[in-house]
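Here is a short briefing on one protein model. Please look over the sequence and the structure first, then read the points below.

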Amino acid sequence: MRYRYFIDMPDHVFEHFKQKDVEPRLVDMYKGMAIYEVPSSAVEDEAQFNFNGDIAADSYHKTDVDVQLLKELGVKVYRFTISPTRIIPEVHDHLPGHVGIKYYNNLIDKLVENGITPVVHMYHYDIGVDYNIIGGLTNNATYEFHENYARICFENFGDRVKHWIGTSDIWLIAEGYSSEHFAPGFQEKSFSGYSDYQTLHQCLLCMAKVSKIYNTEFKEKQKGQLGCCVDTMWFYPQDPNNPEHQKCAERARKLTFGALMDVFRTGQYSNEMLESVKATNEREGIRVDRIKQFTAQEQELIKGE
């Protein structure tokens, strides 16, 4: 009998692999399944691909060793992500993952004891797979659950964690809903150019709401700060002496990194961003309104936080 490691897979998936003479072993029974874990576990042809991502660095089981290594290296700041599937494995905040909370408390305590400052990401590509039933990050309902997850984090860890990062790599998160390159990697061409803009829009709003929760309910007592981590790439003109190439490179920068900075600064998408999407719609004959400006109330929320 060959063995594979899984993280709380559904019964029908267990049976599928058992029929192939593969006995699944659970890594963490209590933990929910994150969207990036599904493709890493769904290995069909082991003759061609005889490994997966079910067990990677395994930091969960090596807390003492990892913290000691950090101390020996002289590390002063350790940035890590709290996985929502460990905190709310069954989606709802009234069913918290007590074992997951205990693990992160232990990790944070050991970091602080060894003079290492914890910097915590609250989301990094690891939303629970169950949310895909309602559209994942394209649906604003998903973010209502995330706000309650954030409260659990602040309540349980905020006395020691003073540096929070609401989310990371917003553009890449959005791209996951239109291509195969990032989680959940739907490879859904039909909604490419629509679902990614919806995800971007909802992510930005959720960041502002979580920031408001922290600033109004926790910051005064906990004395911490919450920000975001923005992904970007830099665009260079193919011919640096060609004005048209310079213009194209600058436009690319404005519509990626610059687009997010515009929202953070003004609470709005820039006119250039909106016009770019509109021009593509007109050129391609697309009649779906793929991106909408934030409402006045939403703009105030974003600017205020």
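K223 counts as exposed, because its relative accessibility is 64%, and exposed means over 50%. The model is a predicted one. The points below start from K223 and its backbone, then turn to the sheet, the salt bridges, a buried valine and a surface patch.

**Backbone: positive phi**

- K223 lies in the loop between α9 (219-222) and β6.
- Phi of K223 is near 60 degrees, a positive value in a residue other than glycine.
- Most residues other than glycine have a negative phi.
- V91 is also not a glycine, yet has a positive phi of about 80 degrees.
- V91 sits in the loop between α4 (84-87) and α5.
- Is V91 buried or exposed? V91 counts as buried, because its relative accessibility is 14%, and the cut-off for buried is under 20%.
- The two loop residues thus fall on opposite sides of the scale: K223 is exposed, whereas V91 is buried.

**The sheet**

- Four strands make up an open sheet, in the order β3-β4-β5-β6.
- The pairing is parallel.
- Which strands lie at the edges? They are β3 (77-81) and β6 (225-229), and each pairs on one side only.
- From one strand to the next, the twist averages 25 degrees.
- Helix α8 packs on the sheet, where α8 touches β5 (163-168) and β6.
- The direction of α8 makes about 165 degrees with that of β6.
- Edge strand β3 pairs with β4 (residues 117-121) in the parallel sense, over five bridges.
- Within this pairing, Y78 has P118 in β4 as its bridge partner.

**Salt bridges**

- Side chains of opposite charge can pair when their charged atoms come close.
- How many salt bridges does the model hold? The count comes to nine.
- One of them joins R160 and D109, with the closest N and O atoms 2.8 Å apart.
- This pair links distant parts of the chain, as R160 and D109 are 51 residues apart.
- R160 is in the loop between α6 (140-157) and β5, while D109 is in helix α5 (residues 98-113).
- D109 has a relative accessible area of 32%, so D109 is partly exposed.
- Another salt bridge joins D262 and R265, whose closest N and O atoms are 3.3 Å apart.
- Both D262 and R265 lie in helix α11 (residues 257-266).
- They are three residues apart, about one turn of the helix.
- The two ends of this bridge differ in exposure: D262 counts as buried at 18% relative accessibility, whereas R265 counts as exposed at 60%.
- E300 and K303 meet through their side chains in a salt bridge of 3.4 Å, N to O.
- Why are E300 and K303 separated by about one helical turn? They are three residues apart in helix α13 (residues 296-304), so about one helical turn lies between them.
- E300 counts as exposed, because its relative accessibility is 52%.
- K303 counts as partly exposed, because its relative accessibility is 42%.
- Salt bridges that share partners join D109, D159 and R160 into one network.

**A buried valine in α11**

- V263 is found in helix α11.
- V263 counts as buried, because its relative accessibility is 1%.
- Which residues does V263 touch, leaving aside those up to four places away in sequence? They are L204, Q268, Y269, F294 and I302.
- V263 and F294 are 31 residues apart along the chain.
- The C-alpha atoms of V263 and F294 are separated by 9.3 Å.

**A nonpolar surface patch**

- F191, Y194, I286 and V288 form a nonpolar patch on the surface.
- Together these four residues have about 340 Å² of accessible area.
- F191 lies in the loop between α7 (170-175) and α8 (195-217).
- F191 is partly exposed, because its relative accessible area is 46%.
- That value also lets F191 join a patch, because patch residues need over 30% relative accessible area.

Terms used:
Residues are numbered from 1 along each chain as its sequence is written. This is a predicted model: local features need pLDDT of at least 70, side-chain atom pairs count only at pLDDT 80 or more; totals for chains, interfaces and linings use all residues. Side-chain values use heavy atoms; hydrogens and water are left out. Patches are made of residues with over 30% relative accessible area and no salt bridge: like charges are joined within 9 Å, nonpolar side chains (Val, Leu, Ile, Met, Phe, Trp, Tyr) within 5 Å. Accessible areas come from the Shrake-Rupley method with a 1.4 Å probe; for residues, only the protein chains shown count as cover. Helices (H or I, at least four residues) and strands (E, at least two) are DSSP runs, numbered from the N terminus. Buried means under 20% relative accessible area, exposed over 50%, partly exposed in between (1.4 Å probe, protein chains only). Two strands pair if DSSP finds at least two bridges between them. Axes are lines fitted to C-alpha atoms, for helices over the stretch in contact, and angles run from 0 to 180 degrees between N-to-C directions. Contact means heavy atoms within 4.5 Å.
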